[in-house]
Structure formats: structure tokens, C-alpha cells
Amino acid sequence: MRILLVEDHIELSRWLTKALLDAHLTVECAMNGADADALLHTQEYGLVILDLTLPKMDGLDVLKRMRARGAKTPVLILTARGGLNERVQGLNLGADDYLAKPFELAELEARVKALLRRSQGNEAVTLSCGPLSFDTVSRLFSYGDAPLSLTPREYAVLEALIIRRGQAVPKEKLFDEVFALDDDANLDAIEIYIHRLRKKLDSVSAGSVAITTLRGIGYLLEARSAA
């Protein structure tokens, strides 16, 4: 799941990016409001973490312009402004949650996970495809009772597929969710991760869970009945 982090404090931005990457999320960063506004015009994100005090364009203005365009992407406001009036203003403009600095990383991660579950239209804790399951709280995959060992990229591809289980997911959509704009990769990289995932799924499932290629359409994660 790709997140846009809008934070102009370099060290805080680096710290948050590492924490989000460790939570198996793809992160893009904007250091000012104008850049964030431009990205939100052209890119899709699962969540925006938005500071309020930003150069070039205030965070509340970024939020206001985003909602005026009809974008429904959840927004978590992250700011040192702790006044009640500013919190109310942000929520009235369409923010989904508010976290004042300083904060505990565990609380940020919990709020991010809750907003992502809500944005996916699924409040269920566990998503399943046959014996394969994904815990949306712990953000861990397992096959039966055994955890499934995945690299961060493999994890991101499989998450995108299990969220849309039973639906074909275009390669371009997978690429957008797995890679940030500044990553040095192209569409062919998705095929590499699909190949690796197939090998790992085959090794534990004996074909009961598979990724099917639908030519010209995309990839489909599906459970298969035993022969």
C-alpha cells in the first residue's frame, strides 16, 4: 500500500519513512505543500500523512484543495499544532484522523493501519484466499498456521492481490502500489516478483493458492480446489 508522507523536517521524514517501510508500506515523500498538491493531482495513494506547517503551501490548504477535487483518500494530520481550533478545522476540511507531535511510533502505526483498513472498505481483521490469510492488524501473511516469509516487494505485491482477491489486477496498478516514483524500476519488475511469489506459494500450497496471468488484463489471486 502506497503512502504519501508530507513532512518538511528532514530527520523526522527519514525516521517516519523507515518505520513505515518496516511495516511493509511503500512510501513517497514530499517536503512542501506545493509538491504534495502536485502529486495528489496525478497519483493515487492509500493514505496521506500530512503535516500542517509546510513551506510553499500550508497543509490545510493542501487538504482543502484535495477534497475540493473529490479525492476521498484518507488523511492523517500530523502536526505540532495542538490547538483545539486547528484540530476542528482540519477535521471539518475532511481529515480522517489527527495526531499531535510528539507522538509514540506505536500509536502512529496503529492509526495508519486503522485508516488503511477503512479505506479498503473492509473492517475485517483477516483477509483470506483459501488457506492463505492476511492479518490486517499485524500485517502478516500466513499459510494455515505457518507464517509466510516474504521480502518487502513480494509482500507489497501479494497484499495488493489479496485485497482484490478474485479480481484481475492490472500490472500497472500493481506497479503503482509497489514502487515509489523515485524507485529505479519498470513494469517488468512486477513479473519478477510474481514469479517469486508463485514459487513460494507452490512450495507451501501445492497449487491450492495460485496467481493466474490473464493476458492483457492482469494477475488474479485465487484458491483452487484439490483435484
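**Exercise 1. The chain as a whole**

What share of the contacts in the chain with a separation of 6 or more comes from residues 24 or more positions apart? Then describe the chain's make-up and surface.

*Solution.* Note that the model is predicted.
- Step 1. Residues 24 or more positions apart account for 55% of those contacts.
- Step 2. Turn to secondary structure. The chain has eight helices and 12 strands.
- Step 3. Take burial. Of the 227 residues, 47% are buried.
- Step 4. Take the surface. About 11200 Å² is exposed, and carbon and sulfur atoms supply 52% of this area.

**Exercise 2. A four-stranded sheet**

Work out the order of the strands in the open sheet that contains β6, β7, β8 and β9. Explain which strands stand at the edges.

*Solution.*
- Step 1. The order is β6-β7-β8-β9, with antiparallel pairing.
- Step 2. β6 (126–129) and β9 (146–147) each have a single partner strand, so one side of each lacks a neighbour in the sheet. These two are the edge strands.
- Step 3. Follow β6 to β7. β7 covers residues 132–135, and four antiparallel bridges join it to β6.
- Step 4. Find the facing residues. Leu127 is opposite Phe134 in β7. Cys129 is opposite Leu132 in β7.
- Step 5. Look at the turn. Two residues lie between the strands of the β6 and β7 hairpin, and Gly130 there has a positive phi near 60°.
- Step 6. Move on to β8. β7 and β8 also pair in the antiparallel sense, over four bridges. Here Ser133 faces Ser142 in β8.

**Exercise 3. A helix across the sheet, and the core**

Find the helix that lies across β6, β7 and β8. Then trace its part in the largest nonpolar core.

*Solution.*
- Step 1. The helix is α6, residues 152–163. It runs at about 100° to β7.
- Step 2. The largest nonpolar core has 31 residues. Leu132, Phe141, Leu161 and Leu221 touch the most other members.
- Step 3. List the suppliers. At least two residues of this core come from each of β6, β7, β8, α6, α7 (171–178), α8 (188–205), β11 (209–214) and β12 (218–223).
- Step 4. Rank them. α6 gives the most, with eight residues.
- Step 5. Zoom in on Leu161. Leaving out residues up to four places away in sequence, Leu161 touches Val169, Leu174, Ile194, Ile211, Tyr219 and Leu221.
- Step 6. Look for another core. A second, separate one holds 20 residues, including Ala36, Leu39, Ala95 and Tyr98.

**Exercise 4. Glu28: buried or exposed?**

Decide whether Glu28 is buried or exposed. Then find a polar contact of its side chain.

*Solution.*
- Step 1. Place the residue. Glu28 lies in strand β2, residues 26–30.
- Step 2. Apply the cut-off. Buried means under 20% relative accessible area. Glu28 has 5%, so Glu28 is buried.
- Step 3. Check its side chain. A polar contact of 2.7 Å links the side chain of Glu28 to that of Tyr45.

**Exercise 5. Lys56 and its phi**

State what stands out about the phi of Lys56. Then decide whether Lys56 is buried or exposed.

*Solution.*
- Step 1. Recall the general rule. Most residues other than glycine have a negative phi.
- Step 2. Compare. Lys56 is not a glycine, yet has a positive phi of about 75°.
- Step 3. Locate the residue. Lys56 sits in the loop between β3 (47–50) and α3 (59–68).
- Step 4. Apply the cut-off. Exposed means over 50%. Lys56 has 70% relative accessibility, so Lys56 is exposed.

Methods
Residues are numbered from 1 along each chain as its sequence is written. This is a predicted model: local features need pLDDT of at least 70, side-chain atom pairs count only at pLDDT 80 or more; totals for chains, interfaces and linings use all residues. Side-chain values use heavy atoms; hydrogens and water are left out. Two strands pair if DSSP finds at least two bridges between them. Contact means heavy atoms within 4.5 Å. Axes are lines fitted to C-alpha atoms, for helices over the stretch in contact, and angles run from 0 to 180 degrees between N-to-C directions. A nonpolar core is a set of buried Ala, Val, Leu, Ile, Met, Phe, Trp, Tyr and Cys residues joined through side-chain atoms within 4.5 Å. Buried means under 20% relative accessible area, exposed over 50%, partly exposed in between (1.4 Å probe, protein chains only). A polar contact is a pair of N or O atoms within 3.5 Å; within protein, one must be able to donate a hydrogen and the other to accept it, and residues adjacent in sequence count only if both atoms are side-chain atoms. Accessible areas come from the Shrake-Rupley method with a 1.4 Å probe; for residues, only the protein chains shown count as cover.
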